Amino acid sequence: MVTVFGLGFVGLTTALGFAHLGYKVYGVDVDAERKATLRAGNLPFLEKHMDEVLREHLNKNFFVTDDIKSAVADSEIIYYCVGTPYSADGSADLKYLFSAVDMTINAVSDEKFRVLVTKSTIPPSTTAEKIIPYVDKKTGGSKNFAVANNPEFLREGHCWEDFLGADRIVIGCDNEKAREKLVKLYAPMNIPIKCVTPSTGEFIKYLSNTLLATLISYSNEMAQVADTIGDIEVAEAFKILHMDKRWNHCNMTTYVYPGCGYGGYCLPKDTNAMFAQSKAKGFEPQILKNVIETNNRRPATIAKKIVKNLDKHSTIGILGLSFKPLSDDVRDTPALRIIQEILSLGYKNIVAYDPAANEEFAKRYPDVPIKIMSTAREVYDAANVIAIVTAWNEFKDVPNFGDKPIIDCRYMF
């Protein structure tokens with residue numbers, strides 16, 4: 001039996017994944033609207049295949065519950081997939097994680113051995129230096145609790161396939177009994193399981209995400225270098241770079257390609273947290289520092305490119321609001337920062353469209369003064385210039401709409 005706290009992208013994928021393996025899984029979330037949506041058999045976000053999986057397992061192997069006491073009583077393994085946002089100094093905010101741990105411990109009234117597993121991304125040494133001491137203090141050092149971490153490597157838009165077809169499963173745990181339970185839990189998947197120390201488990205996740213963030217920022221910086229030099233076919237240059245056998249067929253080409261900067265929930269949060277953690281320990285990593293600064297500067301660079309030679313009364317069309325295609329996630333989306341930069345430059349007439357994220361953008365950023373439209377054609381017709389800021393496939397047809405200027409910020413053409 002498994003209980004999962006947090007039913008966002010990671011938590012719901014984890015819960016449904018274990019349900020799919022045949023385990024009984026309880027899902028807990030503080031968001032009433034999200035729970036109602038799930039109980040009705042619908043996903044609260046865009047993620048292919050998972051709506052079918054939800055309907056297959058809902059109220060059979062997977063239960064959305066408010067009865068935390070019964071869920072914890074019936075579970076040997078408790079997963080935490082709650083948010084760990086970064087604060088002003090870049091460090092990870094653990095308040096939601098500790099709140100879920102509190103709810104778990106307060107619900108326990110027996111002597112059953114339980115493993116508390118953090119799947120949320122947390123900086124290296126957090127389990128050893130913060131979570132284990134916290135649990136020990138809350139439980140009086142009880143041996144009935146063990147703590148582990150189990151980082152996720154899911155891509156939004158591909159969560160289900162990434163769970164079922166994972167390259168590896170990483171378990172960060174120093175407790176032998178807990179480690180055995182987690183290995184047994186994953187055994188039916190026949191995927192390589194790597195058992196490491198808790199800090200190593202945490203570090204592997206950041207190692208992955210900071211590399212991706214670095215590759216994206218490197219590509220964006222080189223695109224800016226190319227624009228500065230002039231007479232360089234940027235898209236063609238990167239496509240030829242991808243032909244190198246050291247890159248080809250290794251699925252890194254998505255990251256070694258210029259665009260509007262990295263966004264979403266994971267890369268900004270994890271890159272900032274890793275930088276803050278290292279700096280707090282006494283070393284300021286200059287590459288990561290510059291990756292963050294490069295990404296932070298990118299929206300202003302893009303905005304200036306979009307409004308170049310435009311008068312202030314022009315209407316600017318923005319195509320794409322999600323941080324990447326095949327997702328409706330608008331958290332830390334480059335589109336928002338680009339729009340804010342355009343507004344700060346004195347351009348007030350902005351129209352926008354996204355194939356999946358219109359409602360989510362309007363809901364999350366109600367104070368951003370733009371007009372959201374229903375189709376790319378509507379944006380094209382209303383605007384004097386059109387900027388593509390998310391690489392949805394349907395936007396490849398936009399040049400066929402007419403001869404208005406198109407700023408291809410994703411180098412799609």
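Here a trainee and a mentor talk through a predicted model.

Trainee: What should I keep in mind about the numbering and the cut-offs?
Mentor: Residues count from 1 along each chain as its sequence is written, and side-chain values use heavy atoms, with hydrogens and water left out. As the model is predicted, local features need pLDDT of at least 70, totals for chains, interfaces and linings use all residues, and side-chain atom pairs count only at pLDDT 80 or more.

Trainee: Which residue caps the N-terminal end of helix H2?
Mentor: Helices here are DSSP runs of H or I, at least four residues, and strands are runs of E, at least two, numbered from the N terminus. H2 covers residues 32–39, and the backbone nitrogen of glutamate 33 has a side-chain oxygen 3.0 Å away. That oxygen belongs to aspartate 31.

Trainee: Which helix gives the most to the largest nonpolar core?
Mentor: A nonpolar core is a set of buried Ala, Val, Leu, Ile, Met, Phe, Trp, Tyr and Cys residues joined through side-chain atoms within 4.5 Å; buried means under 20% relative accessible area, exposed over 50%, partly exposed in between (1.4 Å probe, protein chains only). This one has 41 residues, and Phe62, Tyr79 and Leu182 have the most contacts inside it. With 7 residues, the top contributor is helix H1 (residues 9–20).

Trainee: Why is one side of S11 and of S13 left without a neighbour in the sheet?
Mentor: Two strands pair if DSSP finds at least two bridges between them. The open sheet has 5 strands in the order S11-S10-S9-S12-S13, with parallel pairing. S11 (371–372) and S13 (406–408) stand at the edges, so each has a single partner strand.

Trainee: What is the bridge partner of glycine 317 in S12?
Mentor: Strand S9 (residues 315–319) runs parallel to strand S12 (residues 385–388), and 4 bridges join them. Across from glycine 317, the partner in S12 is isoleucine 386.

Trainee: Is asparagine 358 buried or exposed?
Mentor: Asparagine 358 lies in helix H14 (residues 358–364). Its relative accessibility is 15%, so asparagine 358 counts as buried.

Trainee: Which backbone oxygen does the side chain of asparagine 358 reach?
Mentor: Leaving aside neighbours within four places in sequence, asparagine 358 is in contact (heavy atoms within 4.5 Å) with Leu321, Tyr353, Ile372 and Met373. Its side chain reaches the backbone nitrogen of aspartate 354 at 2.8 Å. The oxygen you want, at 2.9 Å, is that of methionine 373.

Notes. A polar contact is a pair of N or O atoms within 3.5 Å; within protein, one must be able to donate a hydrogen and the other to accept it, and residues adjacent in sequence count only if both atoms are side-chain atoms.
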